[in-house]
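Got a minute to look at how the parts of this chain sit against each other? Here is the structure to have open while you read.

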Amino acid sequence: LLLLLLLLLLLLLLLLLLWYAFIWTGTVSFSIDYNKNCFLKDGQTFQYISGSIHYSRIPRAYWKDRLLKMYMTGLNAIQVYVPWNFHESTQGVYNFTGDRDLVHFLDLANQTGLLVILRPGPYICAEWEMGGLPAWLLQKPNIILRSADTDYLQAVSNWLAVLLPKVKPWLYINGGNIITVQVENEYGSYFACDYNYMRYLRALFRFFLGENTVLFTIDGNTDKEMTCGSLEGLYATVDFGTDTNVTEAFERQRRFEPRGPLVNSEFYTGWLDHWGDSHAMVSTEKVIRMLAEMLMMGANVNMYMFEGGTNFGYWNGADHDRRYRSVVTSYDYDAPLSEAGDPTDKLLAIREVIKMVRDVPPGSMPPAIPKFAYGFVTLKKVGNISSVLSTISPTGPVKSQYPLAFEELKQYYGFVLYRTTLPRDLYEPTPLISPLNGVHDRAYVSVNGVYQGLLERDIVLVTNVTGKQGDTLDIFVENMGRVNFGSKINDYKGILSNLILGKDVLTDWNIYPLNIDEAIAGGWPHSESFKPKSPIKKEQLFGPTFYMGTLQPNGLTWDTFLKLHEWTKGQVWINGVNLGRYWPARGPQQTLYVPGSLISPTQTNNITVLELERAPTHLKVLFMDRPLLCYDHPININMKTKFGNDGP
């Protein structure tokens, strides 16, 4: 028996030696051939046809389904972002479990037969909150993000020292499926243009991933972006959509990379939506025509997005050009796979194009996950913010003479309540003014619990209030997502400058950080232990108020879509999971995607709604079997007439 064990051990050692020899002799390799202008995989010419998918926007239970559909379309690779703030929401606390299990996602892709183009940032854009950068970076008030600022570099170094060793075993040259790794993201679009920063990142990536890893950059299709975003030792690629001339775009790449493969790293199959936009769509005909042109010329193409998914919770980003514009909850993106992972006509057309250049897997496309219309659920009022304050802010208030930002409170997402008292009697409507546009992003104003109006960043800077001296003035502030692109990503939240009431500067604040998600995840308000501390007045349906209801089980765990008809704006939780924001009054999105994986087939399903402005008298919500993403509410038509397509 001992001899047999020794023989088995020797055989194992021999196999390991053969494996290492297999790797180090170059048989397993991925590189750039600058003579043949192509990628080489295991010494053979290789062209990738890839699609972007974000594990952070898809429930873990559906990762395998989405990856299989991408593989069956004919893709041989996927492109994946790693959002830093998704894994390190609190400084020094790392989460790679559950829906954040990056290694499991890479493993599933590998099992499916898909190579990976990894985009670990540290900045990713992606229409994701703060472009993936964690909000705790803003505790340093003068920090210059995405630069050689020492505080920023230290945080980046700490993060990459955790992340990159996790992904190194998954490099193709180490036996995994990661063929290329992006350094930073579209850096040429950022104002800093700091080559020392890019050199520092290049050194970090080389240190952790080795000299043989193909590192690359992606930038927009302009000389300025390519100039500031590219760096020697990082292969420069471009991104562009259907409104661009293919030949001219690749000629620009050639000016920065005279030799090597042609690469469109983000070929746009659709586009994102902001609240107040019309739903963005890109025609299938344009997509397949340009895709065919690029593939036939031997270019490597990644389709962005192939499936967008959903901005669950508070993870949506925002843009700020002429004004602040928050991204909607749905990241459907008019992509080949819908938000719910359903194959579309666009996907089937793309599959036919891919057949022109390579074999696609035989067999039919996996079907869509079933949908079900669970019907109406009637909610009941729980109470306004004041009545549940001890539950959602167990630590109590922070006292300050002047308002503090979310970041100063270490309350990075969601909501904060700012409370003070009226300094004098206000018998006539008196303007409450944010003179420096200091409300980021939307504030709901109440006096003694009675809703008075709102303030909104860049749009509504004045609202009128009435009351008596000593009355409680509550300003409930919503963070609607930090800017994810451009020079304004240092996007602080809360009340950032003094508010003026008539002729008085408001002072002496009690500021309540609100931990709503933790309370709801813990069973509130459905738990039997919860009892309202004051009588609930059903007729008061204005201002920030919680509502609750239950969806009874029917044995199914099918996907569904929640429509909040005549509700105004707010947040929804199902069984303690934050589905995201709804805002049918602004549109275009009218339904929220509810993955079937969140629904219990046997236990009562808890629904919690935080309505911020006005609830309907019927207090009903509807579970449908299809999404509504394109609806143009009359308010949108009026806004477009006044302000143009971008809204107010």
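What follows is a short walk through the domains, one domain interface and a few local oddities.

## The domains

Keep in mind that this is a predicted model. The domain assignment splits the chain into domain 1 (43-356), domain 2 (375-382 + 518-624) and domain 3 (395-514). As written there, domain 2 comes in two pieces, 375-382 and 518-624.

We'll stick with domain 1 and domain 3 for the interface. Their C-alpha centres are 36 Å apart, and the contact draws on 34 residues from domain 1 and 24 residues from domain 3.

## Where domain 1 meets domain 3

People often describe the size of an interface by the accessible area lost when the parts come together. Here, the area buried between domain 1 and domain 3 comes to about 2500 Å², with carbon and sulfur atoms giving 58% of that. On the domain 1 side, the residues that lose the most area to domain 3 are Leu138, His320 and Tyr324, which together make up 26% of what that side buries.

Now for the polar side of things. Between domain 1 and domain 3 the count is one salt bridge. The side chains of Glu129 and Arg482 pair up in a salt bridge, at 2.8 Å from N to O. Across this interface there are also 16 residue pairs in polar contact, both residues at pLDDT 80 or more.

Which strands feed the domain 1 side? Both β12 (318-320) and β13 (324-326) supply at least two residues each, and β12 gives the largest share, three residues. By type, the domain 1 side that touches domain 3 breaks down into 18 nonpolar, nine polar and seven charged residues.

## Aromatic pairs

Searching the whole structure turns up 39 aromatic pairs. Take Phe86 and Trp315: their ring centres are 5.7 Å apart and their planes sit at 75°, so this pair is edge-to-face. The two come from distant parts of the chain, 229 residues apart, with Phe86 in helix α3 (residues 84-87) and Trp315 in the loop between β11 (300-307) and β12.

## Backbone oddities

Where does the backbone go cis? One spot is the peptide bond joining Gly121 and Pro122, with omega about 20°; Pro122 sits in the loop between β6 (115-119) and α5 (150-167). Another is the bond from Tyr304 to Met305, with omega near -5°, and Met305 lies in strand β11.

Glu184 is worth a glance too: it isn't a glycine, yet has a positive phi of about 60°. You'll find Glu184 in the loop between β7 (178-182) and α6 (195-209).

Terms used:
Residues are numbered from 1 along each chain as its sequence is written. This is a predicted model: local features need pLDDT of at least 70, side-chain atom pairs count only at pLDDT 80 or more; totals for chains, interfaces and linings use all residues. Side-chain values use heavy atoms; hydrogens and water are left out. Domain bounds come from an automatic or database domain assignment. Contact means heavy atoms within 4.5 Å. Buried area is the accessible area (1.4 Å probe) that two parts lose on being put together, summed over both. A salt bridge is a side-chain nitrogen of Lys or Arg within 4 Å of a carboxyl oxygen of Asp or Glu. A polar contact is a pair of N or O atoms within 3.5 Å; within protein, one must be able to donate a hydrogen and the other to accept it, and residues adjacent in sequence count only if both atoms are side-chain atoms. Helices (H or I, at least four residues) and strands (E, at least two) are DSSP runs, numbered from the N terminus. Ala, Val, Leu, Ile, Met, Phe, Trp, Tyr, Cys and Pro count as nonpolar, Asp, Glu, Lys and Arg as charged, and the others, Gly among them, as polar. Rings of Phe, Tyr and Trp (its six-membered ring) pair if their centres lie within 6.5 Å; planes under 30 degrees apart count as stacked, over 60 as edge-to-face and the rest as tilted.
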